[in-house]
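Thank you all for making the time this morning. I would like to walk you through one structure, slowly, and I will give the cut-offs for each term as we come to it.

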Amino acid sequence: MEKLEHELWIVQAVNAAFGPMAAALLRALGRPVPHGHVIPDYLVMAALIVVAWAVLCLIARRSFSVENPGKLQIMLEDGVAALQSMLADYVGHKGPRYLAIVGTMFVFILSGNLMGLIPGLKSPTSNINVTLGCALTVAVYYHIQGVKEQGLGHYLKHFAAPPGAPIFLAPIMLPIELISHLSRVLSLSLRLFGNIFGEDLVILILFSIVPFIVPVPMMFLGLITAALQAFIFVLLTTIYLGGAVATEHEQHEHSEMVAGAV
Amino acid sequence: MSRKFFVFGMMALLGVAFASPLHAQEAAPAAATTVVAQWSIITAGFALAFAAAFGALGQAKGLSAAVEGIARNPSAAGEIRGNLILGLVLIESLVIYVLLIALILFFVKPF
């Protein structure tokens with residue numbers, strides 16, 4: 001598997017610049033220093049996304065105006081409005097409060113997925129460490145928001161007795177709920193990783209058989225997969241958030257939808 | 001027009017002719033494959049085939065019902081579409097799990 005892909009020049013450059021520093025840091029922390037590149041591909045790519053978006057937004061911010069919006073501004077505003085309406089649909093009236101994490105996740109995962117189609121770059125999301133990081137962030141965040149919104153005791157209570165379930169079912173409901181909440185992390189990370197990694201692998205294999213025209217339909221499919229998987233990750237994040245922060249009387253309308261969403 | 005196609009076809013032929021890394025790799029000496037390794041490859045292929053077949057059946061059922069629902073009541077299209085995508089994703093993720101297991105059997109070889 002390691003030998004299928006060639007070295008990326010940007011990874012080499014970053015490692016030439018920051019590799020010794022990272023190695024020294026690892027040694028200071030008492031961790032083993034890996035052979036070859038000290039900073040792996042996916043970390044370089046993830047950092048590239050962060051830097052690129054920060055620069056893009058700083059540049060775009062200068063041209064923003066209320067009276068005379070440019071094309072880029074209208075596009076970004078439409079994106080933000082779409083996310084806000086999705087949050088309002090699934091979380092309710094306090095949904096737009098969570099725009100920050102949902103929007104960040106969407107932007108990061110979408111650009112991460114699309115990066116794999118550009119020669120010289122690699123999808124950070126085709127590495128399970130990155131997707132697991134995203135899924136764990138979402139899981140920790142929605143638990144924290146649930147506790148914040150409902151109070152610790154009340155939040156823990158509806159693991160044992162979800163609204164609508166009688167209290168004597170608690171010994172059965174508690175393990176089921178715990179497993180379902182833990183498996184959300186698993187399914188979020190594995191779904192994204194499997195889709196993007198599988199897509200990249202198919203394109204790679206087709207390229208090594210016929211490197212002309214034949215991989216193009218697959219790459220087009222990759223475009224759709226990238227957008228769809230980013231949207232799905234964000235949609236599930238929103239649904240989990242909605243399930244966690246919904247108070248008692250709002251719970252009923254969401255419970256059916258959330259129950260199946262592992 | 002035909003000249004354009006000719007140039008195109010020659011380029012395609014060149015592309016095919018110059019690229020055969022996979023065929024080149026076949027000449028490499030096969031690693032000592034145990035019976036377990038052989039069977040695991042067969043199993044991975046069949047597992048993926050079954051997962052794709054039944055996952056597609058399930059998705060087709062949901063999709064046909066959703067399209068029918070939209071045809072009967074076009075005003076509910078938005079809501080139906082949202083639930084459809086959610087359902088398709090949850091079905092699809094099971095197929096993806098099998099894909100991951102197949103990839104693990106192919107590349108990680110945990111035996």
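I will begin with how the model is to be read, then turn to chain A as a whole, and then to some individual residues.

This is a predicted model, in which local features need pLDDT of at least 70 and side-chain atom pairs count only at pLDDT 80 or more, while totals for chains, interfaces and linings use all residues. Residues are numbered from 1 along each chain as its sequence is written, chains are lettered from A and ligands numbered from 1 in the order in which they are written, and side-chain values use heavy atoms, with hydrogens and water left out.

Chain A has nine helices and zero strands, where helices (H or I, at least four residues) and strands (E, at least two) are DSSP runs, numbered from the N terminus. Of its 262 residues, 39% count as buried; buried means under 20% relative accessible area, exposed means over 50%, and partly exposed lies in between, with a 1.4 Å probe and protein chains only. The C-alpha trace of chain A spans about 60 × 55 × 45 Å along its principal axes.

Let me now turn to helix 5 of chain A, which has 23 residues that should span 33 Å at 1.5 Å a residue, and the end C-alpha atoms are indeed 33 Å apart; the expected span is 1.5 Å times one less than the number of residues. At the start of this helix, a side-chain oxygen of N127(A) comes to within 2.8 Å of the backbone nitrogen of N129(A), and after the helix comes G151(A), whose phi is positive, near 90°. Its buried residues, among them V130(A), C134(A) and Y142(A), pack against helix 2, helix 4, helix 6, helix 7 and helix 8 of chain A, contact here meaning heavy atoms within 4.5 Å.

Just ahead of that helix, in the loop between helix 4 and helix 5 of chain A, we find T125(A). Is T125(A) buried or exposed? T125(A) is buried, with a relative accessible area of 0%, and its side chain makes a polar contact with the side chain of N113(A) at 2.7 Å. A polar contact is a pair of N or O atoms within 3.5 Å; within protein, one must be able to donate a hydrogen and the other to accept it, and residues adjacent in sequence count only if both atoms are side-chain atoms.

Next, the charged pairs: the structure holds four salt bridges over all chains, each being a side-chain nitrogen of Lys or Arg within 4 Å of a carboxyl oxygen of Asp or Glu. One of them joins E149(A) and K94(A), at 3.8 Å from N to O. Because E149(A) lies in helix 5 and K94(A) in the loop between helix 3 and helix 4 of chain A, the pair ties together parts that are 55 residues apart in sequence. E149(A) also forms a salt bridge with R97(A), with the closest N and O atoms 3.3 Å apart. K94(A) is buried, at 9% relative accessible area, whereas R97(A) is exposed, at 53%.

In chain B, the side chains of R72(B) and E68(B) meet in a salt bridge at 3.6 Å, N to O, and both residues lie in helix 3 of that chain, four residues apart, about one turn of the helix.
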